[in-house]
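Colleague: I am new to this structure and would like a close look at a single part of it. Please take me through that part slowly, with the terms explained as they come up.

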Amino acid sequence: MTDAPQLQRLAEGVWAYVQPDGGWMINNTGLVDDASGATSIDVTSTAARTRAYLGAAEEVASSPVRRVILTHSHPDHCNGASLLPDAEIIAHRRVADDLRAPHRLAPHIFTPFVQGDVAPRIPTLVFDDALTIAPEGRRIEVRHPGTPAHTTGDSYVWLPAERVLFTGDLVFHGGTPFALSGSPVGWLRALEQMASLEAEIVVPGHGPVGGPELFAPVADYLRFLIDAAADARARGLSPLETARTLDLGRFAGLAEKERIVGNLHRAIAEAEGGQPDIPAAWQDMYEYNGAQPLDCHA
C-alpha cells in the first residue's frame, strides 16, 4: 500500500473510508451504522484491503455489515464482496449483468498486484431507477442517474438527513475521470443531478472527501474530452493519435492521465453512435504509457 487508509467520520454513524493515493484499484468506501446492521457502500479491490476496511468498520460500527451497495461493477469496488458472504448485495440491474460477464484484461496492462482470495458477488437485490433503505429510520437513498455515465449501471447514495453524498466513481478527486465503460454526455447529466441535491459533504469514488465544489472539475474535463473527440473525428485521427498530440493543459496534473486514450475511444464511438473496442482501448492506454504497464498500487 501507499499511505495508510483512514476511516473519516462525516456525521453520527456515517464514515468514509479513504484510501490514498486513490489511483488504479484504490477506491473509497462508505459505512453507515444502524442497529439493524451496518451498510457498506462498496468494498475494495483486494483481500488485504477489504480485511483492513472491515476491521476498521468493526471498531466503530455498533453492528456487523449486513448489506453492501455496489455503486458500479468495476473490480476495485466489488472484488472484496466475497468476504461478506451473508450480506445483502444491492446494485443497479446492469451491475448484475456486468458481473456475470466481466471483461478480462490482458495481464500486461497493469503492474502486478496481489488480489488475494476474493471475488465479486452477484447482487441479491437489484433495482432499475431508485431504492430507499431505511433501517431503523435512517434514510439511505440509492439512485441510478437514468443514463450511462461512468458505467451503464452507476448508483450514487444520498443520505438526505445528513446531507452526505457518496458518488462512487461519478466523481474523481485528483485523478483523471474514466469514461470508457460509460458515456461522457450522460455523465454530465449525472453530475447535474447530483449537484441539485445540494449536498454538504461529497465522498468521491477516488481521492479526498470534499463538498459540492468537486463536481465542476469533472464536468470541465468531460467537456474538454467531448471537444477533443469532435476534433479527432474532423481530422480523421484515431484515439491514440489524438491523445499523443493533445495538450492536456489544466488537466495535465491529474493522476492516471493515460485514461485520456480510453476516454477518447468512448467519446468518439459515442459521437458516431457505436461502441468502442474495449481491449483495443486498454492496449492503447498501455502504448500511450510508453508501452509500459499502468502503475497500480493495489
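Modeller: What follows is a walk along one strand and its two neighbours. This is a predicted model, in which local features need pLDDT of at least 70 and side-chain atom pairs count only at pLDDT 80 or more, while totals for chains, interfaces and linings use all residues. Residues are numbered from 1 along each chain as its sequence is written, and side-chain values use heavy atoms, with hydrogens and water left out.

The strand is β10, residues 156-159, where strands (E, at least two residues) are DSSP runs numbered from the N terminus. Tyr156 and Trp158 point one way from β10, whereas Val157 and Leu159 point the other way. In a regular strand the side chains alternate between the two faces of the sheet. Each of these four residues, on either side of β10, is buried, meaning under 20% relative accessible area with a 1.4 Å probe and protein chains only.

As for its neighbours, two strands pair if DSSP finds at least two bridges between them. Strand β9, residues 140-143, pairs with β10 in the antiparallel sense over three bridges, and here Tyr156 of β10 is the bridge partner of Arg143. Strand β11, residues 164-166, also pairs with β10 in the antiparallel sense, over three bridges, and in this pairing Leu159 has Val164 of β11 as its bridge partner. Between the strands of the β10 and β11 hairpin there are four residues, and in this hairpin Arg163 takes a positive phi near 55°.

Methods: Buried means under 20% relative accessible area, exposed over 50%, partly exposed in between (1.4 Å probe, protein chains only).
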